[in-house]
Amino acid sequence: MEQSMEPQTEAEAIYQLESAVGCPHCSAMLETVHIVRLLRTRVNFTSSLPRRGYVCACPECHKVIPAFVG
Ligand SMILES: [Zn+2]
């Protein structure tokens with residue numbers, strides 16, 4: 001099992017919001033969100049969870065904010 005020991009500080013992508021929204025954590029008005037990739041490192045054999053996913057993070061406080069990338 002390969003696992004990178006490098007801390008992931010860089011966002012995978014940055015998305016522009018169509019209109020500014022307030023971060024629920026730090027109340028910053030956001031015009032962009034950072035997308036960070038989820039890499040599955042362990043899973044049950046029977047699991048039907050997808051191999052990878054994404055979370056959206058506030059670029060100001062780096063906390064996860066609810067958003068969906070499809
Ligand atoms: Zn924030």
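How many buried residues does strand S1 have among its 10 residues? The count is zero, and S1 is hardly covered. Keep that in mind as we walk through the chain. One caution comes at the start: this is a predicted model.

Begin with the overall plan. The chain has zero helices and four strands. Read along the sequence, the pattern is β-β-β-β. The chain has 70 residues, and 4% of them count as buried. Now look at contacts between residues with a separation of 6 or more. Of these, 39% join residues that are 24 or more positions apart.

How are the strands arranged? They form an open sheet of four strands, in the order S1-S2-S3-S4, with antiparallel pairing. The edge strands are S1, residues 13-22, and S4, residues 64-65. Each of these two pairs on one side only. A general point helps here. Strands of a sheet pair through backbone hydrogen bonds, and the pairing is either parallel or antiparallel.

Take the pairs in turn. S1 meets strand S2, which covers residues 29-39. Six bridges join the two, and they run antiparallel. You can trace this pairing through its residues. Gln16 has Thr32 in S2 as its bridge partner. Gly22 has Met29 in S2 as its bridge partner.

Next comes S2 with S3. Six bridges join these strands, which also run antiparallel. Find Leu38 in the model, and you will see Gly53 of S3 standing opposite. S3 itself spans residues 52-57.

The last pair is S3 and S4. Two bridges hold the place of this pairing, and the strands run antiparallel. Ala57 stands opposite Val64 in S4.

Now turn to the loops. The hairpin of S1 and S2 has six residues between the strands. Ser27 lies in this loop. Its backbone has a notable angle: Ser27 has a positive phi of about 65 degrees, although it is not a glycine. Is Ser27 buried or exposed? Ser27 counts as exposed because it has 11 C-beta neighbours inside 10 Å, and the cut-off for exposed is 12 or fewer.

Pro24 lies in the loop between S1 and S2 as well. Pro24 has 12 C-beta neighbours inside 10 Å, so it counts as exposed. Pro24 also gives us a link across the sequence. Pro24 and Val64 are 40 residues apart along the chain, yet their C-alpha atoms are separated by 9.4 Å. Val64 is the residue that stands opposite Ala57.

The hairpin of S3 and S4 also has six residues between the strands. His62 lies in the loop there. The phi of His62 is near 60 degrees, a positive value in a residue other than glycine. How is His62 classed, exposed or partly exposed? His62 is partly exposed, because 13 other C-beta atoms lie within 10 Å. The exposed class stops at 12.

Finish with Gly22, where several of these threads meet. Gly22 lies in strand S1. It is exposed, because it has 12 other C-beta atoms within 10 Å. That fits what we said of S1, which has zero buried residues. Which residues does Gly22 touch, leaving aside its neighbours within four places in sequence? Gly22 is in contact with Ser27 and Met29. You know both names already. Ser27 is the loop residue with the positive phi, and Met29 is the bridge partner of Gly22 in S2. Gly22 also has a distant residue to compare with. Gly22 and Cys58 are 36 residues apart in sequence and 9.6 Å apart in space, C-alpha to C-alpha.

To retrace the path, start at S1, an edge strand. Cross six bridges to S2. Cross six bridges again to S3. Then cross two bridges to S4, the other edge strand.

How values were computed: Residues are numbered from 1 along each chain as its sequence is written. This is a predicted model: local features need pLDDT of at least 70, side-chain atom pairs count only at pLDDT 80 or more; totals for chains, interfaces and linings use all residues. Two strands pair if DSSP finds at least two bridges between them. A residue is buried if 20 or more other C-beta atoms lie within 10 Å of its own, exposed if 12 or fewer, and partly exposed in between; C-beta atoms are placed from the backbone. Two residues are in contact if their C-beta atoms, placed from the backbone, lie within 7 Å.
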